[in-house]
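Q: I would like to learn how to read a few features of a structure model. Can we take them one at a time?

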There are 2 protein chains.
Amino acid sequence: MRVSELSRSSGVPVATIKYYLREGLLARGATTSPNQARYDSSHLRRLRLIRALVEVGGLPIAVVKEVLGAVDDPDTGLHGVLGRTVYAITGTGGTEADSDVTDAAEADVRAITAHTGWRVSEKAPALAGARSVLARMHELGHAPGEDTLRLWAEAADRAADGDLRAVAHREADAGREGAAETALVGTVLGDALLAALRRIAQESHSAARYRSDC
Amino acid sequence: MRVSELSRSSGVPVATIKYYLREGLLARGATTSPNQARYDSSHLRRLRLIRALVEVGGLPIAVVKEVLGAVDDPDTGLHGVLGRTVYAITGTGGTEADSDVTDAAEADVRAITAHTGWRVSEKAPALAGARSVLARMHELGHAPGEDTLRLWAEAADRAADGDLRAVAHREADAGREGAAETALVGTVLGDALLAALRRIAQESHSAARYRSDC
């Protein structure tokens with residue numbers, strides 16, 4: 001199909017498609033004349049993926065470029081794709097909290113990793129991110145108690161177990177590239193899905209506990 | 001303290017504080033003269049809470065106003081506070097996906113609620129939100145398999161169990177208002193914390209599975 005058709009099918013404006021081509025987010029089509037190229041269903045799929053990462057995941061284009069670069073690089077293994085994705089999309093927070101609050105948050109994170117047995121690089125941005133959110137919670141006087149912290153850690157562990165299983169299934173069916181895309185979609189869109197599922201579960205648990213008071 | 005001191009301690013500009021006062025997000029101080037009011041630590045705490053909801057949770061001010069309105073309303077029970085919070089902050093997505101994709105997403109959500117036993121209003125925005133993300137995943141060819149879906153549902157269930165326990169603990173210690181704030185902070189900042197914990201867990205699970213390939 002021509003670029004105009006690709007635009008119509010994907011809902012992405014032609015100017016944006018040309019920008020993605022220049023930036024290397026989308027592979028060039030097969031050249032049919034000096035001014036024309038033909039695109040196929042792989043281009044349409046890629047545009048849908050970019051749209052989902054931007055619209056559902058809220059990722060800036062620079063981050064989309066970085067994570068798609070990892071997916072597209074055949075030398076980056078699945079652990080590498082997941083790592084580059086997770087490192088690229090994770091904010092580290094950055095509070096300037098008091099040291100007692102930071103110490104308490106640090107102790108929480110140590111308690112979590114001790115409870116779950118997670119082994120992770122000290123440089124992982126998510127460690128800094130978790131510390132930063134916990135520091136805020138302590139500052140606000142709403143830090144989670146030990147049992148809540150454990151349940152949240154177990155929830156994250158179970159979610160990650162689901163993530164890795166999805167990647168492994170996909171690898172068996174579709175090889176490295178398909179699995180790399182699954183890792184990306186599961187991580188980014190999975191955040192939105194897990195947040196939605198948690199809200200559904202909250203409503204259900206809350207109704208069971210408090211129904212009579214509303 | 002005066003408004004200038006409140007601004008310095010909270011890091012919130014005086015003009016913004018005055019805007020919050022006009023909008024009812026912050027209670028008025030005790031008037032000491034026609035042009036002056038005194039503020040106390042409750043005002044400082046409230047400003048820190050607003051900052052966290054905006055900076056960590058990314059909530060628009062209109063949504064902050066709605067959720068603080070629920071916290072401040074003594075006639076809204078804890079189930080009501082959680083419900084108003086969750087309904088106010090949850091996007092419903094809104095895809096215009098093909099009907100086969102929407103049907104598949106709908107079936108996924110039914111499978112999840114059957115597996116977990118969640119009971120929830122058909123009007124819950126999070127149901128529409130979950131359906132919308134799942135429809136995107138189907139459209140992209142990366143819908144989670146049955147086992148991943150179950151693990152994600154169990155993760156959300158465990159997280160919500162942690163949420164409700166935190167609220168119940170707080171209610172025992174600090175009554176309705178403290179518990180209402182815990183529900184709010186846990187829901188909004190908890191999203192960011194759970195996402196960070198999931199990324200830490202992903203790194204750990206992925207290293208265990210794929211370490212040799214990177």
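A: Begin with strand pairing: two strands count as paired if DSSP finds at least two bridges between them. The model here is predicted. In it, Ala30(B) stands opposite Arg38(B), a residue of S2(B).

Q: How many bridges join strand S1 of chain B to strand S2 of chain B, and do the strands run parallel or antiparallel?

A: In a regular strand the side chains alternate between the two faces of the sheet. Here S1 (residues 30–33) and S2 (residues 36–38) of chain B run antiparallel and are joined by 3 bridges. The two strands form a hairpin, with 2 residues between S1(B) and S2(B).

Q: Is Arg46(B) buried or exposed?

A: The cut-off for buried is under 20% relative accessible area. Arg46(B) has 12% relative accessibility, so this arginine counts as buried. Arg46(B) sits in helix H3 of chain B, which covers residues 41–55.

Q: Which residues is Arg46(B) in contact with, leaving aside neighbours within four places in sequence?

A: With those neighbours set aside, the contacts of Arg46(B) are Leu25(B), Leu26(B), Leu68(B), Val71(B) and Asp72(B).

Q: By what turn and shift can chain A be laid on chain B?

A: A turn of 180 degrees with a shift of 0.0 Å along the axis lays chain A on chain B, at an RMSD of 0.0 Å. That is why the relation is one of a two-fold axis. Both copies use the same surface, since 100% of the contact residues of chain A recur in chain B.

Q: Which residue of chain A comes closest to the rotation axis?

A: That residue is Ala155(A), whose C-alpha lies at 2.0 Å from the rotation axis.

Q: How many cavities of 30 Å³ or more are there?

A: Rolling a probe the size of a water molecule over the atoms shows where empty space is left. In this model the count is 2 cavities of 30 Å³ or more. The largest holds about 40 Å³ of space, and the second largest about 30 Å³.

Q: Which residues line the largest cavity?

A: Its lining consists of Arg199(A), Gln202(A), Glu203(A), Ser206(A), His79(B), Leu82(B), Gly83(B) and Val86(B). Helix H8 (146–210) of chain A and helix H5 (78–89) of chain B are the elements that give two or more residues to this lining. By class, the lining has 2 nonpolar, 4 polar and 2 charged residues.

Q: What lines the second largest cavity?

A: The second largest cavity is lined by Arg45(A), Leu49(A), Glu181(A), Leu140(B) and His142(B). Its lining divides into 2 nonpolar, 1 polar and 2 charged residues.

Methods. Residues are numbered from 1 along each chain as its sequence is written. Chains are lettered from A and ligands numbered from 1 in the order in which they are written. This is a predicted model: local features need pLDDT of at least 70, side-chain atom pairs count only at pLDDT 80 or more; totals for chains, interfaces and linings use all residues. Side-chain values use heavy atoms; hydrogens and water are left out. On a 1 Å grid over the protein atoms alone, a cavity is a set of points where a 1.4 Å probe fits but cannot get out, and a pocket is an open set with protein on both sides within 12 Å along at least five of seven lines; lining residues have an atom within 4 Å of a point. Grid points are joined across faces, edges and corners, and a volume is the space filled by probe spheres set on the points. Helices (H or I, at least four residues) and strands (E, at least two) are DSSP runs, numbered from the N terminus. Ala, Val, Leu, Ile, Met, Phe, Trp, Tyr, Cys and Pro count as nonpolar, Asp, Glu, Lys and Arg as charged, and the others, Gly among them, as polar. Copies are superposed by least squares on the C-alpha atoms of residues with pLDDT of at least 70 in both. Contact means heavy atoms within 4.5 Å. Buried means under 20% relative accessible area, exposed over 50%, partly exposed in between (1.4 Å probe, protein chains only).
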